[in-house]
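This report describes side-chain contacts and one surface feature of the structure shown below. It takes up charged pairs, then aromatic rings, then a nonpolar patch.

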Amino acid sequence: MTNGKHNGSLDTATFLRIRKWYLWALAAIALTIIIAQVLIQLHLNSQLNDSRVINVAGRQRAYSQKLVKEALLLRKTTNSDERSMVIAEIRKTLTVWKASHEGLQFGADSLNLPVEDDAIILSLFTALEPHHSAMVAAGEQLLNGEDSGSNMPEEAFDSYVSVLLSNERPFLRLMDTIVNEYDIRSKEQLQNLKQKEYWLLAFSLLLLLLEMLFIFRPLAIQIRNTITDLMRSRLKSDAHANEIQELFTEKEKSLKELQELNFVIDNAALFASARKDGSIVFMSKKFMTLLGLSEEDLSKKLSEVLTIDEGQQAYLKEVLRANRKNVIRTEEIKVTAVSGAEFWLDMSIVPIHQSSREQSILILCSDSTERKRNLLKVEQLTQQNFEERMLQKKLQASQIVEGQEEERKRIAKDIHDGIGQMLTALKFNIESIDPGNTEKTTEKIAYLKELTSDLIKGVRTATFNLTPPELSDHGIFPALHKMTVELSKLTGKTILFENKTAENIRFDSLAETNIYRVTQEAVNNAIKYSHANYILVTINYKDAILSVLIDDDGKGFDANILEEVPKNNSEGGMGLFYMKERISYINGRLFIHSEPGKGTRVTINYKTEKRTN
């Protein structure tokens with residue numbers, strides 16, 4: 001057995017070695033063929049260029065003769081129309097003749113002429129240049145004489161024709177020499193190509209001979225030995241046939257046991273297998289029962305039978321397409337069955353690779369719908385508990401604010417009914433005293449009167465600041481109006497109120513109280529800290545939104561302090577903080593815009609259903 005393995009390894013090594021040399025030989029032959037084709041193509045291109053050059057060079061002789069002929073024809077022609085035609089032909093001849101002459105030496109794309117680099121040909125063109133220049137000059141002088149409009153003297157015309165005739169023969173002789181040189185060069189190139197072709201042919205034949213000796217002959221010997229080994233192996237295979245039959249019997253027994261195991265798994269587990277393109281190979285009965293599928297549905301793609309929702313199908317296709325590597329991927333995916341029922345599946349995608357490569361993905365699932373529903377219930381209960389706590393805190397805050405307002409009403413009532421009445425009585429009693437004749441008594445009485453008036457004014461101001469009766473009796477509009485009037489009298493500032501609503505509207509008492517206090521705080525801040533001289537309070541109700549604007553012309557402040565933690569100092573930081581807190585109690589919104597030196601605008605927005613009296 002070991003010897004057989006050794007022989008098999010030796011055969012494989014021999015085959016690989018022969019194949020390597022065979023490939024090298026084929027590559028060498030292919031290379032020679034390619035080189036030959038390249039040389040042939042290069043020669044063909046060169047021949048095309050040489051043919052074009054020889055053609056143009058030959059035409060140069062014809063153009064020189066044509067120029068002389070047309071000049072002689074011009075001397076004999078007397079008709080003006082014919083002379084014009086001859087002159088046009090001479091001009092055209094000169095243009096083409098000069099362009100071809102330059103293109104043969106320096107190349108011309110329009111004429112498909114390459115740049116000439118042969119020293120012999122260039123020397124011939126050098127010798128040709130005086131004759132060509134003389135003939136071109138004579139032709140151009142003839143044209144200039146004709147274009148001037150006056151009749152050219154016959155002596156001058158004959159001299160130009162004489163120049164053409166005298167240079168024509170040397171020009172033709174040199175051009176013949178140049179054309180012969182072109183032809184010789186073309187033949188030399190062809191001869192070189194033939195020699196290269198012969199060398200390449202010899203090399204190809206040598207390669208074929210080497211292949212016969214070192215590749216095909218050893219390969220034939222190796223095939224013969226292999227056939228001999230196969231005959232020996234046949235005898236051994238017959239000996240092993242009985243052993244295979246016994247193994248086959250055991251395999252049948254194992255297959256039956258495996259079928260029984262598959263039956264148990266098929267009815268107890270959720271799994272499926274699919275090919276690379278997503279087509280289904282197998283799906284367990286329990287999986288089909290869960291999804292409500294039939295055998296006909298298995299002809300569809302796996303992503304289409306798992307769910308009927310298009311968005312979920314697109315996601316499944318992407319997941320299955322991305323799982324190409326040998327990596328087990330786990331996904332929790334929501335699917336919608338044919339019946340419309342929704343399930344959550346914990347899906348494990350296992351790549352498998354068989355020799356046929358038809359079955360490439362194994363999907364193992366577990367139904368996690370109940371667990372997902374329990375998680376959602378827990379989240380809902382948690383959210384509900386959080387909202388209840390927040391509502392309770394909000395209710396507590398509202399109760400605190402209402403308690404504060406009730407306390408202020410009580411204090412205001414006590415001050416008004418107690419201290420205010422007593423001070424008023426004191427004032428009346430002092431005024432009722434009959435003053436004596438002494439000057440001191442008079443001054444004392446006057447002082448007591450002034451002091452009593454100030455006390456009464458202070459008590460009224462405090463009472464108004466605590467709780468204005470207009471707020472609870474008539475609502476936010478009259479209360480804000482009264483506040484601006486009273487503060488304007490007390491401070492001497494210009495404080496105006498503008499009501500843009502057509503009727504008196506009542507709102508929730510808590511909302512009215514908080515809006516009033518925030519407006520009062522904004523006006524007091526403008527008076528105390530902004531040092532404003534002009535304050536405008538504007539109120540408007542539109543589209544179920546109550547808006548209050550407080551504008552002042554004070555010194556303003558940096559609005560960035562609103563983003564910082566409030567501090568209890570004299571700059572009103574805590575006041576701004578409590579203004580926001582109060583508005584948030586009633587689900588309103590507060591906007592403060594200010595710049596140093598440009599005043600301040602405070603905007604209060606409150607959306608609710610109005611409550612009329």
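In this predicted model, a search of the whole structure returns seven salt bridges. Side chains of opposite charge can pair when their charged atoms come close. Three of these contacts are set out in the table, with the separation given between nitrogen and oxygen atoms.

| Salt bridge | N to O distance |
|---|---|
| E70 and K66 | 2.3 Å |
| K66 and E89 | 3.3 Å |
| E140 and K98 | 3.0 Å |

The contact between E70 and K66 lies within helix 1, which spans residues 2-76, and because the two residues are four positions apart there, about one helical turn separates them. Their surroundings can be described by relative accessible area: E70 has a value of 9% and is therefore buried, since buried means under 20%, while K66, at 29%, is partly exposed.

K66 also forms a salt bridge with E89. Because K66 belongs to helix 1 and E89 to helix 2 (residues 80-106), this second pair ties together parts of the chain that are 23 residues apart in sequence. The relative accessibility of E89 is 34%, so this residue counts as partly exposed. Taken together, K66, E70 and E89 are linked in a network of salt bridges.

Which helices does the salt bridge between E140 and K98 connect? With E140 in helix 3 (residues 119-147) and K98 in helix 2, the pair ties together parts that are 42 residues apart in sequence. Both ends of this contact are partly exposed, given a relative accessible area of 32% for E140 and of 31% for K98.

Turning to the aromatic side chains, a pair of rings is described by the distance of the centres and the angle of the planes. The count of such pairs in the model comes to four. One of them is formed by W97 and F171, whose ring centres are 5.0 Å apart and whose planes stand at 75°, so the arrangement is edge-to-face, a class that calls for an angle over 60 degrees. This pair links distant parts of the chain, as W97 is found in helix 2 and F171 in helix 4 (residues 154-266), with their positions 74 residues apart in sequence. Are these two residues buried or exposed? Both W97 and F171 are buried.

A further ring pair joins F477 and F507, with centres 6.5 Å apart and planes at 35°, so the geometry is classed as tilted. F477 lies in helix 11 (residues 476-491), whereas F507 lies in the loop between strand 6 (494-499) and helix 12 (509-528), and the pair therefore ties together parts that are 30 residues apart in sequence. F477 is buried, as is F507. Through ring pairs, F477 and F507 are also joined with Y541 and Y606 in a cluster.

The last feature is on the surface, where the side chains of L206, L209, L210, L213 and F214 form a nonpolar patch with about 480 Å² of accessible area together. Among these residues, L206 is found in helix 4, the helix that also holds F171 of the edge-to-face pair. L206 has a relative accessibility of 44% and so counts as partly exposed, in contrast to F171, which is buried.

Key:
Residues are numbered from 1 along each chain as its sequence is written. This is a predicted model: local features need pLDDT of at least 70, side-chain atom pairs count only at pLDDT 80 or more; totals for chains, interfaces and linings use all residues. Side-chain values use heavy atoms; hydrogens and water are left out. A salt bridge is a side-chain nitrogen of Lys or Arg within 4 Å of a carboxyl oxygen of Asp or Glu. Buried means under 20% relative accessible area, exposed over 50%, partly exposed in between (1.4 Å probe, protein chains only). Rings of Phe, Tyr and Trp (its six-membered ring) pair if their centres lie within 6.5 Å; planes under 30 degrees apart count as stacked, over 60 as edge-to-face and the rest as tilted. Patches are made of residues with over 30% relative accessible area and no salt bridge: like charges are joined within 9 Å, nonpolar side chains (Val, Leu, Ile, Met, Phe, Trp, Tyr) within 5 Å. Accessible areas come from the Shrake-Rupley method with a 1.4 Å probe; for residues, only the protein chains shown count as cover.
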